[in-house]
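Biologist: I would love a close look at a single part of this model, with enough of the surroundings to place it. Could you pick one strand and take me through it, then work outwards?

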Amino acid sequence: MKYNFREIEKKWQTYWAKNQTFKAENSSDKPKYYVLDMFPYPSGAGLHVGHPLGYIASDIYARYKRHKGFNVLHPMGYDSFGLPAEQYAIQTGQHPAITTATNIKRYREQLDQLGFSFDWSREVRTSDPKYYKWTQWIFIQLFNSWYNKRSDKAESITSLMAVFEKEGNINIQAACDEDTPVFSSEEWKGLSASEQQQLLLKYRLTYLADAEVNWCSALGTVLANDEIVNGVSERGGHPVIRKKMTQWMMRITAYAQRLLEDLDNIDWPQPLKDAQTNWIGRSEGASVTFNVIPSKDVEALEATGDVATSRTSVSHKIEVFTTRPDTIFGASFMTLAPEHELVDKITAPEQKAAVEAYVEATTKRSERDRLADVKTISGVFTGAYAEHPFTKARIPVWIGDYVLAGYGTGAVMSVPCGDQRDYDFAKHFNIPIPNIFEGVDISEEAFADKGNTIIANSDFLNGLDYPQATRKVIAALEEIGQGKGKINYRLRDAVFSRQRYWGEPFPVYYDSQGMPQMLPEACLPLELPEVEKYLPTETGEPPLGNASHWAWNTETFEVVANTSVDYATVFPLELNTMPGWAGSSQYFNRYMDPGNEAAIFSPEAINYWQDVDLYIGGSEHATGHLLYSRFWQKFMYDRGWAPKKEYAKKLINQGMITGMSAFVYKDQDKNVLYSKSLTVGKEVIPLHADVTLVNSSDELDIAGFKTFRPEFQDAEFVLEEGKYVVGREIEKMSKSKYNVVNPDQICEDYGADSLRLYEMFLGPLEQSKPWNTAGITGVHSFLKKLWKLYRSVDDSTPTPEHLKTLHKTIKKVEEDIENFSFNTSVSTFMICVNELTAQKCTSKAVLEPLAILVSPYAPHIAEALWEGLGHTESIAYEPFPQFEEQYLVESTKEYPISFNGKMRFTLELPLDMDKAGIEAAVLAHDRTAKYLEGRTPKKVIVVPGKIVNIVG
């Protein structure tokens, strides 16, 4: 019977869906195993062949674990809030929910046709109110929590309020805003309710604050750093500026040290761990306070030359964090971030125009661009001076975009002799570079080797090395009240507001004092309102400002018309929505109990599944989703809802399947396109061509291209030997590069099993590899050969050769799966089928376990073969074949028989035969007599297990 893959795959996909074959239970006598994929955003383009790579790998492992006797949870859902659907709504007026539902339907069809063993009964969608009810619930819990540094965990805000009532905050050790005042219990009690709430916001784990954000006016929203590429929005390429706005923030900094330390307890890729370590950026040093010299004192100083006698007051203080406090005597200037709050306050009138122009220019650059650009040197002198804590010398205060407001304090004690960026800045602007290192030449570059540092020209630090000088200067700073030792983190609190429509609404209304109040938990979810348009309002409010009914009635507990707001019983609701990472920060736990309407998950479900055993997804989420989700998990652990501090034991970052892009070459000045080999010496612009218009010989379908790019209808195509040959280049597979290969067509032409096998065969899971559709014919031919092997199956006893082939395959495939080396398993299957075919194997005792081995990789054909062997139940839960070493133990040895050193024939003899027996058997053989020609051998050399050499 012919291998009809279309019929087979449709049949078994229907069977699995009808019988809910892969539905997991929340209790079982079997050991649990939780396999998770990063759920996709359902874009309008659907899946291309690069998307399923991780899903195929996780599915192989999930199926394998079922065969090994585990109760496997392998869910799937959709990260369905997103900017693309909102942008489409702005352009067309179609509600994002309609667009999203259409896209999900398309995704589901594509996922189903690939034969994934997902438990679809647990599907979640982040845009479903039944789901985001629990995202809102977590937000409320974060709002009602603070971080106690004594217990090193989050606790209920009521416990903090109880301490305030009893003793104020004098003895509190908490993660809080740096400007939090010290107060007594009497002072606390004397505050109004609104003032108390304002103080509590300085402690809550989610809070309102004025923050520097990435604002994209074209998209009308704040963007995260990872949503910006080369200074423009990743979506649409729109300009992005830095802007200060009131935003909801997440106090992730409270967890900085734990997020660092617990990386040692999870099996995640080291490059990803390094990325998070660098992002968190722990450093030890000192906080130092520099007093800004008031302008009138600067004038007096210039007149008298005496700082002490001219001092009248201290108007402002600049706090810096430095990892090298030992170099404080080398500070010859200070640099503030252009966004620093003191810039406006201390800038001298004569410098105001230059400073404002520089600040405006800086807003157009992202923080990442500013950090990465080490070549451009720019800055402006503010006209202000600070006073050195020890020498009392005046130090000029500059602004420069290489200093970031979000890192440290946004101010730098610039020591050009010890930091290359400071050195370059000082050279560029002709600022003095004092040398404070003994025996070091700094005429060409800074000296940053703190391990070989002896301090000089530094008063009481002279002659000390780095550790000694650091300890001594910190003590001196503490003594004069201008500094202290400190641990600093690069990690900043996370902006949690977006000025979008299509996102989770905040369960927040504002009272008459403008203070945020949480909705009652029983009233969740607060659902998105209908709006007439999805753009910001004419007055600049977020899109929710367009809703006519977006106010909260505290008596009836319902959303009412905005016109009802009276600040007595009806109050305005929050207009911002939550960011993209909100819905993905606990979805892995919600999968454990997705139908629970009374709780985010039951204690029974979370305590059974505990955590994710295997998580597969992209490394691009290293400092986004994968960091924020760890933060939320730790919070859930602290408050007693989750049993584990980390939610994923093992993480694998799958590589990328790249596309083979095609290029045409347009003359820079004329409407002429040159074939690839004819571009030499010409000024041309490479343009992407749709790969579907190019054949296997790289020849372009010119007519099709003209339809694809109408602007070239009248272009001249310069051919080579009558053909237009495109250029080729391996790039990321992307719709914008026109190099996408649709899996639907692959499944139609070759089948899902062929696609699954081929994607694994391309190379190691973690590596990037190029797609070549022509290569899939090899694995498709293998499946046809596998199908043919089962054409005639009987109960014959397997031969030793059959069993040897089977068991070496069992051993290799199991090792490969356990090591996630799926590519070599495919090769092993090919070798196995070739050997069994050559051996004319028909034994059910061999072919039955082989079908189970193949099942995780090519489940459709495995089910069909299993049914053909007489089984009526799915192969999915059949025990994985046991490897038996005995079948690989060799019982015979094929000896090369040589005469005077020349091998003449081979002879198979028992492996345990002794030397005398080997010699006797060889001499008795007919072919030995032939080569000896009646002569008596002079010597017979026998090396058991290796060779026999007859010397004649």
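Modeller: Happy to! A word on terms before we start: a strand here is a DSSP run of E of at least two residues, and strands are numbered from the N terminus. Please keep in mind that this is a predicted model.

By that count the protein has 30 helices and 34 strands. My pick is strand β1, which covers residues 32-37. Is β1 enclosed or left open? Six of its six residues are buried, so the strand is largely enclosed by the rest of the structure. With buried meaning under 20% relative accessible area, this holds for both faces: K32, Y34 and L36 point one way, Y33, V35 and D37 point the other way, and all are buried. Charged side chains therefore appear among the buried residues on either face, K32 on one and D37 on the other.

The partner of β1 is strand β2, residues 71-73, and the two pair in the parallel sense over three bridges. At one position of that pairing, K32 stands opposite N71 in β2. K32 has a second role as well, in a network of salt bridges that links it with D611, D613, K644 and K649. In K32, then, a buried strand position is also a member of a charged network.

Now let's step back to the whole protein. The structure holds 39 salt bridges. One of them joins R365 to D401, with the closest N and O atoms 2.8 Å apart. This pair links distant parts of the chain, as R365 sits in the loop between α14 (352-362) and α15 (367-372) and D401 in the loop between β14 (394-399) and β15 (411-414), 36 residues apart. The two ends differ in accessibility: R365 is partly exposed at 24%, whereas D401 is buried at 8%. A similar split shows up between K392 and E387, whose closest N and O atoms are 3.7 Å apart: K392 is partly exposed, with a relative accessible area of 34%, and E387 is buried at 7%. In another salt bridge the side chains of R709 and E711 meet at 2.7 Å, N to O, and E711 is partly exposed at 44%.

For a contrast in pairing sense with β1 and β2, which are parallel, look at the open sheet of four strands in the order β6-β5-β9-β17, where the pairing is antiparallel. Strands β6 (221-223) and β17 (494-495) stand at its edges with a single partner each, so one side of each is left without a neighbour in the sheet. Strand β5, residues 206-216, pairs with β6 over three bridges, and one bridge joins C216 to T221 in β6. Helix α5 (residues 129-143) packs on this sheet, touching β5 and β9 (241-250), and its direction makes about 85° with that of β9.

Burial is not limited to strands. Nine of the 10 residues of helix α23 (752-761) are buried, so this helix too is largely enclosed by the rest of the structure. Among the buried residues are the charged D753, R756 and E759. Just after α23, G763 takes a positive phi of about 160°.

D749 lies in helix α22, residues 743-749, and is partly exposed at 36% relative accessibility. Leaving out residues up to four places away in sequence, D749 touches F5 and R6. S855, in the loop between α27 (844-854) and α28 (859-868), is buried at 1% relative accessible area. Its contacts, with the same sequence neighbours set aside, are R63, H67, A862 and I875.

Near the other end of the accessibility scale from β1, I941, V943 and I947 form a nonpolar patch on the surface, with about 200 Å² of accessible area together. I947 lies in strand β34, residues 947-951, and counts as partly exposed at 39% relative accessibility.

Some totals to frame all this: buried residues make up 53% of the 952 residues, and the accessible surface comes to about 42,000 Å², of which 49% belongs to carbon and sulfur atoms. Among contacts with a separation of 6 or more, 71% involve residues 24 or more positions apart. Along its principal axes, the C-alpha trace spans about 125 × 75 × 75 Å.

Terms used:
Residues numbered from 1 in each chain as written. Predicted model: local features only at pLDDT ≥ 70, side-chain atom pairs only at ≥ 80, totals over all residues. Heavy atoms only, no water. Pairing = 2+ DSSP bridges. Contact = heavy atoms within 4.5 Å. Axes fitted to C-alpha atoms, helices over the stretch in contact; angles between N-to-C directions. Patch = residues over 30% accessible without salt bridge, like charges linked within 9 Å, V, L, I, M, F, W, Y side chains within 5 Å. Areas by Shrake-Rupley, 256 points an atom, 1.4 Å probe, with all protein chains shown as cover. Salt bridge = Lys/Arg side-chain N within 4 Å of Asp/Glu carboxyl O. Buried < 20%, exposed > 50% of the residue type's maximum accessible area, 1.4 Å probe, protein only.
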